[in-house]
Amino acid sequence: WSNGITEKEKTLAIIKPDGLYGNYTENIKKAILDSGFTILKEMTIQLDDDAAMGFYAEHSSKGFFSSLVKYMTSGPVLIMVLEKENAVADWRTLIGPTDASTAKITHPHSIRAMCGMTLEKNCVHGSDSFQSAEREIAFFFDEKSSDRVVIGHDEL
Ligand code: RTP
Ligand code: MG
């Protein structure tokens, strides 16, 4: 039975520099809304090295880390808090596999197939667990603030 109250979940989405630069924002947002997510918060920011390294700290020992930081700081990113039931897993499904060149073959309707290019330049981020989502949302957004922070491209 249902009491009519649905348990919503939040996740963090990022349109990476190649996604913004390639003008995929509108198509990505359409896919987000068509899939039943609500965009609770969004902001466009330029990450500096410290922010990119802190955000991806789990990968700090990996060989691709410096390249990842360079990529993530190569231009502005659009950061969004998405909400729906099962948001974390559903957003990961919607974006597709990490390697965008693989995604184009195996998940042609995924977002990474649409706007990504390679294993690194895959145009979007998604939290990989409920715990990651909580950490990543707190990394960028003040929990107490209900402000919807939007900075337009031309303000950067
Ligand atoms: P994300 O965290 O950005 O949503 O991506 P993901 O979970 O699918 O993949 P993850 O393993 O967390 O990797 C984070 C990002 O690092 C870049 N990457 N480069 N050159 C490489 O071997 C390599 N592997 C990963 C990608 O930009 C990936 O999204
Ligand atoms: Mg990841």
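**View 1. His 125 sits in strand β4 of this predicted model.** Strand β4 covers residues 124-126. UniProt lists His 125 under "active site", in an unreviewed entry. Is this residue buried or exposed? His 125 counts as buried because it has 22 C-beta neighbours inside 10 Å, and the cut-off for buried is 20 or more. Setting aside neighbours within four places in sequence, we find His 125 in contact with Ala 13, Ile 14 and Lys 16.

**View 2. Here we meet the residues around ligand 1.** His 125 appears again, as part of the surroundings of ligand 1. Joining His 125 there are His 59, Phe 64, Leu 68, Thr 98, Leu 119, Glu 120, Asn 122, Gly 126 and Asp 128. Sorted by class, this shell has five polar, three nonpolar and two charged residues.

**View 3. Phe 64 and Arg 92 are among the positions that UniProt gives as "binding site".** This label, too, comes from an unreviewed entry, and it also includes Lys 16, Thr 98, Arg 112 and Asn 122. Phe 64 lies in the loop between α3 (49-55) and α4 (65-72), and it is exposed, with 12 other C-beta atoms within 10 Å. Arg 92 belongs to helix α5, residues 87-95. With 15 other C-beta atoms within 10 Å, Arg 92 is partly exposed. Beyond its neighbours within four places in sequence, Arg 92 is in contact with Gly 126 and Asp 128.

**View 4. Asn 27 is found in helix α2, which spans residues 25-34.** Asn 27 is partly exposed, with 14 other C-beta atoms within 10 Å. How far apart are Asn 27 and Ile 111 in space? Their C-alpha atoms are 8.9 Å apart, while in sequence the two are 84 residues apart.

How values were computed
Residues numbered from 1 in each chain as written. Chains lettered and ligands numbered in written order. Predicted model: local features only at pLDDT ≥ 70, side-chain atom pairs only at ≥ 80, totals over all residues. UniProt positions renumbered as here; feature names shortened; annotations may be inferred. Helix = DSSP H or I, 4+ residues; strand = E, 2+ residues; numbered from the N terminus. Contact = placed C-beta atoms within 7 Å. Near = placed C-beta within 6 Å. Nonpolar A, V, L, I, M, F, W, Y, C, P; charged D, E, K, R; others polar.
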